[in-house]
Every structure is written in structure tokens, then in C-alpha cells.
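Colleague: I've only just opened this one and could use a guide. Could you take a close look at the nonpolar core for me, and then follow it outwards to whatever it leads to?

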Amino acid sequence: MAPPERFSNLPAYAFPRLRRLLADVTPGPDPVVMTIGEPRHAIPDFVAPTLARTVDQLAKYPSNDGTPELLAAISGWIGTRHGIDVAPDRITVLNGTREGLFNAALALCPEDKNGARPNVLIPNPFYQVYAVAAAAVGAQAVFVPATTDTGHLPDFAALDPATLDATAICYLCSPANPQGAVADRDYLETLVALADRHDFLIFADECYSEIWRDTPPPGTLAVAQGMGLADRVVMFNSLSKRSNLPGLRSGFAAGSADAIARFRVLRSYAGAPVPLPHQRVSEVAWADEDHVTENRALYQQKYAIADRVLGNVPGYLPPQGGFFLWLPVADGEAAARRLWAEAGVQVLPGAYLSRDVDGANPGKGYIRVALVGPAAETEDALIRLRDCLFQEGS
Ligand SMILES: Cc1ncc(COP(=O)(O)O)c(C=O)c1O
């Protein structure tokens with residue numbers, strides 16, 4: 001039997017590709033890995049006692065949608081952070097945003113739009129799950145450049161009306177992985193109006209929303225709700241980055257009652273519920289901002305380090321949010337090999353996060369650098385990186 005065609009064009013995942021790229025390279029002294037976006041700050045103090053107190057609840061099957069207490073905590077957080085009222089029936093708990101961003105497409109993408117195969121709009125570069133979700137539902141992925149020319153956010157409004165009319169879903173990531181760009185209120189209002197005019201849904205991936213430089217990024221659902229168009233948006237967030245708990249696997253989606261009801265039905269059959277002790281920890285985490293403020297301050301310190309060390313590098317983009325640097329280089333793969341060999345710093349070639357469109361890959365001339373380690377280690381590694389790639393004569 002032949003394997004399914006729909007996944008045949010998927011490139012290998014970024015990290016196996018990186019392992020192959022660097023397989024024959026001996027790293028320079030004191031190797032530092034800055035590839036994976038896994039937070040390395042301390043987990044909050046309340047996690048261990050809450051888990052210990054609730055461990056007996058592993059004897060129960062967890063609720064798929066989320067316990068009433070957790071849904072109330074998330075609703076409370078959305079109210080405080082985004083200033084909107086989102087009732088618990090408009091929220092579903094997720095096993096992290098990754099599964100949600102995938103499963104929401106299964107639950108909400110129609111088989112056809114106006115009689116044709118639907119489009120799914122995806123920023124390029126992007127978090128790779130979006131493309132796999134589009135492939136899984138048999139939609140046409142339309143990769144929309146998010147480059148220097150477009151302020152590192154996708155210019156969806158520049159697409160032709162026929163493409164937009166055929167669109168069912170549009171993924172947006174703000175703060176953006178990998179570029180660190182943040183969509184402001186105007187951008188979001190334009191996008192929500194576009195979604196309404198052309199009848200599509202926005203899947204707003206906001207998992208970096210609590211890691212920002214100066215001001216909290218606006219939320220897409222809040223903007224849409226203010227315009228009376230909340231049914232155009234499903235927002236996704238998680239505790240992975242906000243609370244340094246990527247291993248807890250705990251997030252949520254929020255949107256219209258109708259979209260969430262349909263999403264809940266799918267997840268009740270095929271979703272991975274969050275274990276009850278993890279739901280109890282999540283309840284505490286969404287209700288606490290102190291640990292989030294402390295965590296953000298650590299990232300802000302590292303933005304300042306990056307600005308200081310790399311500020312003179314041509315094309316350096318000070319990240320407005322998230323924890324990645326998106327650094328322009330002549331060739332991302334060549335730079336990654338050289339950095340690992342000469343400086344002992346491991347980074348990800350930007351092409352592994354982007355897709356070729358018409359023979360060009362918008363990530364080819366970039367490397368992504370994760371600022372997830374301690375400040376001193378980060379500073380030392382960025383100096384080594386700068387001296388290796390950007391010094392006169394290098
Ligand atoms: C842009 C983006 N979205 C979603 C995720 C998934 O995160 P999680 O499933 O831990 O919430 C990540 C993880 O790195 C990410 O970078």
C-alpha cells in the first residue's frame with residue numbers, strides 16, 4: 001500500500017537536518033547550544049508542592065476540555081491580560097499549543113471553500129506545525145513572506161482577492177518565532193477586517209505573548225472582540241514560555257462558543273487530555289503574575305545584552321518579543337557550520353524554518369539564535385558568535 005501523498009512533500013524536521021549538517025564538524029571549545037526554543041529559566045516554586053498535593057489524581061482520567069477551576073483561571077487571565085470577557089465555554093484546555101494548532105485545523109477547516117480546495121495562509125518563515133496541519137486537512141498551503149520588506153510580519157492584505165476568497169484559515173504568530181516581530185493593534189485590526197471580508201478564521205499563535213521588550217503585545221482575540229468580530233479568531237497560548245513549563249504540556253485555545261464547541265468534540269475523541277495534577281498546577285500558574293514578571297525581566301536583560309553585543313551588526317533586528325534572534329548572514333547553513341567549528345556555538349539555519357517559494361527561501365540568509373540560557377552564558381556565546389561571523393575580515 002502506498003503511503004499518503006499529502007505528507008510526501010514535508011521536509012525533514014529542523015533538528016534532524018541540523019544533526020546531519022553538523023555531523024562531521026568538531027565543535028570549538030566550551031560548546032553552547034542555542035538552537036532549541038526550550039526555556040532554561042527556573043520553574044516556578046509552586047509547581048512541586050502542587051504536584052505533590054494532587055498526585056493521587058493520576059488515578060483518574062482527566063477532563064478533556066479542562067476542569068472548571070482551570071477554565072475559570074484561564075478566563076480570569078484573559079480578562080486581566082487582554083481586558084475582555086471570555087466565558088469558560090469559549091475556552092478549551094490543550095496539551096500545549098502545538099497539538100492545538102494542529103487539531104484546530106482538523107476541527108475547523110472545511111473540505112472546500114466556495115467549491116474549491118481551501119487555502120491555509122502561513123507566514124514564511126514559520127513554526128512548522130502550521131504546514132503539517134494544512135497538509136493533514138488536504139488544504140493548499142500558501143506561504144506568505146514575512147521578511148525585511150514586510151516588517152517581518154506577513155502582509156496578508158497584499159494577497160490577491162481570489163486567494164483570500166479561497167482562504168479558510170490564516171496562521172499568525174505574534175510575537176513571531178523566529179523574527180521577534182510583534183503585530184500591533186493596527187496590523188491586527190486590518191487582519192481581522194480582512195478575515196471578515198473574505199470569510200476566513202485567524203489562528204493566532206500567541207505562545208510568546210508574555211515575553212516582550214517594552215509593552216505587552218495586543219491580543220488578536222481582544223482586538224477582534226472589540227470590533228464585534230470575535231468569531232473570526234481562535235487564540236492559542238500556553239505555559240511553556242510564559243511559566244518555563246514546556247514539559248507540563250499545558251495550554252489553551254479560546255474563540256467563539258461555536259468554534260470551541262466543535263473543537264471540543266474532536267478533542268473528546270482524539271485529543272490528548274492534560275493530566276489532572278498538571279491541570280491543577282496550570283490553575284495556579286495562570287492566576288500568578290509574579291513569576292511571569294521575574295521571568296520576563298531575565299529575557300529583557302538578555303535583549304539588552306544582544307543589543308549591546310550585536311547592535312552594530314548590519315541588519316541586526318532587536319527582538320520586540322519572544323526569545324530568538326534572527327540574524328542576517330550570507331548563508332545560514334555555512335554560518336551554522338562555521339560557528340560550531342570555530343566558536344563552539346550551535347545555531348539553527350533559517351532555511352530550516354522557511355519554505356522555498358518559486359525557488360527562493362526567505363530564511364536562507366539567516367540564523368536563529370535562542371536566548372534561553374543564563375545571561376552570562378548568553379553574553380559569552382554572543383560575543384563569540386559576533387567575533388566569528390561579523391568581525392572585520394571574518
Ligand atoms: C511559534 C510556536 N508556536 C507553538 C509552539 C508550541 O509550544 P507548546 O506546544 O509548548 O505550547 C512553539 C514551541 O516552540 C512555538 O515556537
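Modeller: Let's get the term straight first: a nonpolar core is a set of buried Ala, Val, Leu, Ile, Met, Phe, Trp, Tyr and Cys residues joined through side-chain atoms within 4.5 Å. Keep in mind, too, that you're looking at a predicted model.

With that in hand, the largest nonpolar core has 49 residues, and the ones that touch the most other members are Ile78, Phe156, Leu191 and Phe252. Another core, of 46 residues, lies apart from it, with Leu18, Leu325, Ala335 and Leu339 among its members. Back in the largest core, try clicking on Leu191: beyond its close sequence neighbours, leucine 191 is in contact with Phe156, Cys170, Leu172, Phe200 and Ile202. So which of those partners is itself one of the residues touching the most other core members? That would be Phe156.

Now over to Ile78, which is one of the buried residues of helix H3. The others there are Leu70, Leu71, Ala73, Ile74, Ser75, Trp77, Arg81 and His82. If you're wondering about the spacing in that list, an α-helix has 3.6 residues a turn, so residues three or four places apart point the same way. You can see this kind of spacing in Leu70, Ile74 and Ile78, which are all on the buried list. Helix H3 covers residues 68-82, and at 1.5 Å a residue its 15 residues should span 21 Å; the end C-alpha atoms are 21 Å apart, so the two agree. Right after H3 comes glycine 83, with a positive phi near 70°. On the other side, the loop between helix H2 (47-54) and H3 holds glutamine 57. Glutamine 57 counts as buried because its relative accessibility is 19%, and the cut-off is under 20%. Its contacts further along the chain are Leu276, Pro277 and Arg280.

There is a strand pair to look at as well. Strand S8 (residues 251-254) runs antiparallel to S2, and 4 bridges join the two. One of the pairings puts leucine 94 opposite glycine 251 in S8. In S2 (residues 91-94), Ile91 and Val93 point one way while Thr92 and Leu94 point the other, yet all of them are buried.

From here, let's move to the ligand. It has 14 residues around it, and Thr97, Asp205, Tyr208, Ser240 and Lys241 come nearest. How far is an oxygen atom of the ligand from an N or O atom in the side chain of threonine 97? That distance is 2.6 Å. For lysine 241 the corresponding distance is 2.7 Å, and for arginine 249 it is 2.7 Å. Serine 240 sits in helix H9 (residues 239-242) and counts as buried at 6% relative accessibility. Arg249 turns up again here, since serine 240 is in contact with Pro39, Leu245, Pro246 and Arg249 once near sequence neighbours are left aside.

Tyr208 gives us a way on to asparagine 177, which is in contact with Phe126, Tyr127, Tyr208, Phe324 and Arg368, close sequence neighbours aside. Asparagine 177 lies in the loop between strand S5 (167-173) and helix H7 (185-198), and it is buried, with a relative accessible area of 8%. Its side chain makes a polar contact, at 3.1 Å, with the side chain of arginine 368. As for backbone oddities, most residues other than glycine have a negative phi, and most peptide bonds are trans. Against that background, the bond from asparagine 177 to proline 178 is cis, with omega near 15°. Another cis bond runs from asparagine 124 to proline 125, with omega near 10°.

One last stop is the open sheet of 3 strands, which has the order S9-S12-S11 and antiparallel pairing. Strands S9 (324-328) and S11 (348-349) stand at its edges, each with a single partner strand, so one side of each has no neighbour in the sheet. S11 is joined to S12 (residues 366-370) by 2 bridges, and proline 349 has isoleucine 367 as its bridge partner. In the loop between S11 and S12 you'll find aspartate 358, which has a positive phi near 50° although it isn't glycine. Buried or exposed, then, for aspartate 358? It's exposed, with a relative accessible area of 81%.

Methods. Residues numbered from 1 in each chain as written. Predicted model: local features only at pLDDT ≥ 70, side-chain atom pairs only at ≥ 80, totals over all residues. Heavy atoms only, no water. Buried < 20%, exposed > 50% of the residue type's maximum accessible area, 1.4 Å probe, protein only. Contact = heavy atoms within 4.5 Å. Polar contact = N/O pair within 3.5 Å; in protein donor to acceptor, adjacent residues only side chain to side chain. Pairing = 2+ DSSP bridges. Expected span 1.5 Å × (residues − 1). Near = heavy atom within 4 Å.
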